[in-house]
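Biologist: I have a model open and want to go through its pockets, cores and charged pairs with you. Could you put it up so that we look at it together?

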Amino acid sequence: MRNLLWKDFWQNSRVLLAVAIVAAAPYVAGLIIVVVDKLFWSSGPQSGLAGVEGVCWASAWLSVFMAAFLGGNAIAGERTDRSAEFAAGLPIPRGPSVASKAIAAGLPCVTMWALNAAVLGTITWLQRNSSPKPFGYDDRIIGVAMCGCCSILLFGLAWFFASMLKSPVISAAAALGTVAAIVVIAALSLTPAQRITDDQLVCLFGIAAAVGLLSFAVGGIVCLRRAEP
């Protein structure tokens, strides 16, 4: 299993590096902006926290979209470079092979979500110490949960499409297109006077995560049963 993990991490190293750069770019830009602000305008600490929170949300939502590319590349990436044909001829059990791909692609998604959640949690803790009623405390919890559920949904859908397709890009695009279509249909079905309650929002998060997990499970079964070309 260790050798399989090493192989999958090494094979996905370029994609993982690109995803890490995209997720870290808002923090780098935000750090530069905060430093310039402190040097030339000398804003208060709350302004600095607001800037960090802004770049954290940017990184969190970029990470959500990157989950689709990680899920799509996990399986279809081997078919693109034709290494799947070589691996199919080796005495590698299908179960550990699929599990290794899931870990190599899923672990970066969980890491990005956890790091951004930790930053937002730290900001909330600092603001609770500075003011008795910090604005947006509940909104942060909802936002972090939304990012996590959307990441699960996009990763699972991209994994499912990748189990049947040969292109990681098409698999990721199919997952993003599916979610976009669902959002558009849901938005059109609501009238301007309607408002989603908190309970309905929680149900939507749960449904999104459940669909993502179900898609991941179905994609794993397809990958286990499929004979690679």
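Biologist: Which residues lie nearest the centre of the second largest pocket?

Modeller: Keep in mind that this is a predicted model. Nearest the centre of that second largest pocket are Cys109, Val110, Ser151, Ile152 and Phe155, out of 15 lining residues. Its volume is about 270 Å³. H6 gives the most to the lining, with 6 residues, and helix H5 (94–130), H6 and H8 each supply at least two.

Biologist: What makes the lining of the second largest pocket free of charge?

Modeller: Only Asp, Glu, Lys and Arg count as charged. The lining of this pocket divides into 10 nonpolar, 5 polar and no charged residues, so none of those four types is in the lining.

Biologist: And how much space lies in the largest pocket?

Modeller: About 730 Å³. Of its 25 lining residues, Val179, Ile182, Val183, Leu204 and Ala208 are the closest to the centre. Helix H3 (45–80), helix H6 (137–162), helix H7 (168–189) and helix H8 (198–225) each give two or more residues to that lining. H7 has the largest share, 8 residues. By class, the lining of the largest pocket holds 23 nonpolar, 2 polar and no charged residues.

Biologist: What makes a space a cavity, and how many cavities of 30 Å³ or more are there?

Modeller: In a cavity a 1.4 Å probe fits but cannot get out, while a pocket is an open set. By that rule there are 3 cavities of 30 Å³ or more. The largest cavity has a volume of about 50 Å³, and the second largest about 40 Å³.

Biologist: Which residues line the largest cavity?

Modeller: Ala60, Ser63, Val64, Cys109, Met112, Trp113, Asn116, Cys147 and Ser151. H5 brings the largest share, 4 residues, and H3, H5 and H6 each supply at least two. The classes there are 6 nonpolar, 3 polar and no charged.

Biologist: What about the second largest cavity: which residues line it?

Modeller: Trp57, Ala60, Trp113, Asn116, Ala117, Leu120, Val144 and Cys147. H3, H5 and H6 are again the elements giving two or more residues, and H5 has the largest share, 4 residues. That lining has 7 nonpolar, 1 polar and no charged residues.

Biologist: Let's turn to the salt bridge. Why are arginine 140 and glutamate 53 called a salt bridge?

Modeller: The cut-off is 4 Å between a side-chain nitrogen of Lys or Arg and a carboxyl oxygen of Asp or Glu. Arginine 140 and glutamate 53 meet at 2.9 Å, N to O, so the pair is within the cut-off and counts as a salt bridge. The structure holds 1 salt bridge. This pair links distant parts of the chain, with arginine 140 in helix H6 and glutamate 53 in helix H3, 87 residues apart.

Biologist: Are these two partners buried or exposed, and how do you know?

Modeller: Buried means under 20% relative accessible area. Arginine 140 has 4% and glutamate 53 has 16%, so both count as buried.

Biologist: And tryptophan 6, buried or exposed?

Modeller: Exposed starts over 50%. Tryptophan 6 has a relative accessible area of 60%, so tryptophan 6 is exposed. Its place is in helix H1 (residues 2–11). In space, tryptophan 6 is 8.9 Å from serine 100, C-alpha to C-alpha, while the two are 94 residues apart in sequence.

Biologist: Which members of the largest nonpolar core touch the most other members?

Modeller: Leu70, Ile75, Met112, Phe155 and Trp159, out of 18 residues. Helix H2 (13–40), H3, H5 and H6 each supply at least two residues of this core, and H3 has the largest share, 6 residues. A second, separate core of 17 residues includes Trp57, Cys147, Leu157 and Ala158.

Biologist: What is tryptophan 159 in contact with, leaving aside its neighbours within four places in sequence?

Modeller: Its contacts include Gly71, Gly72, Ala74, Ile75, Val98 and Lys101. Also among them are Ala102, Ser215, Phe216, Gly219 and Gly220.

Notes: Residues are numbered from 1 along each chain as its sequence is written. This is a predicted model: local features need pLDDT of at least 70, side-chain atom pairs count only at pLDDT 80 or more; totals for chains, interfaces and linings use all residues. Side-chain values use heavy atoms; hydrogens and water are left out. On a 1 Å grid over the protein atoms alone, a cavity is a set of points where a 1.4 Å probe fits but cannot get out, and a pocket is an open set with protein on both sides within 12 Å along at least five of seven lines; lining residues have an atom within 4 Å of a point. Grid points are joined across faces, edges and corners, and a volume is the space filled by probe spheres set on the points. A nonpolar core is a set of buried Ala, Val, Leu, Ile, Met, Phe, Trp, Tyr and Cys residues joined through side-chain atoms within 4.5 Å. Buried means under 20% relative accessible area, exposed over 50%, partly exposed in between (1.4 Å probe, protein chains only). Contact means heavy atoms within 4.5 Å.
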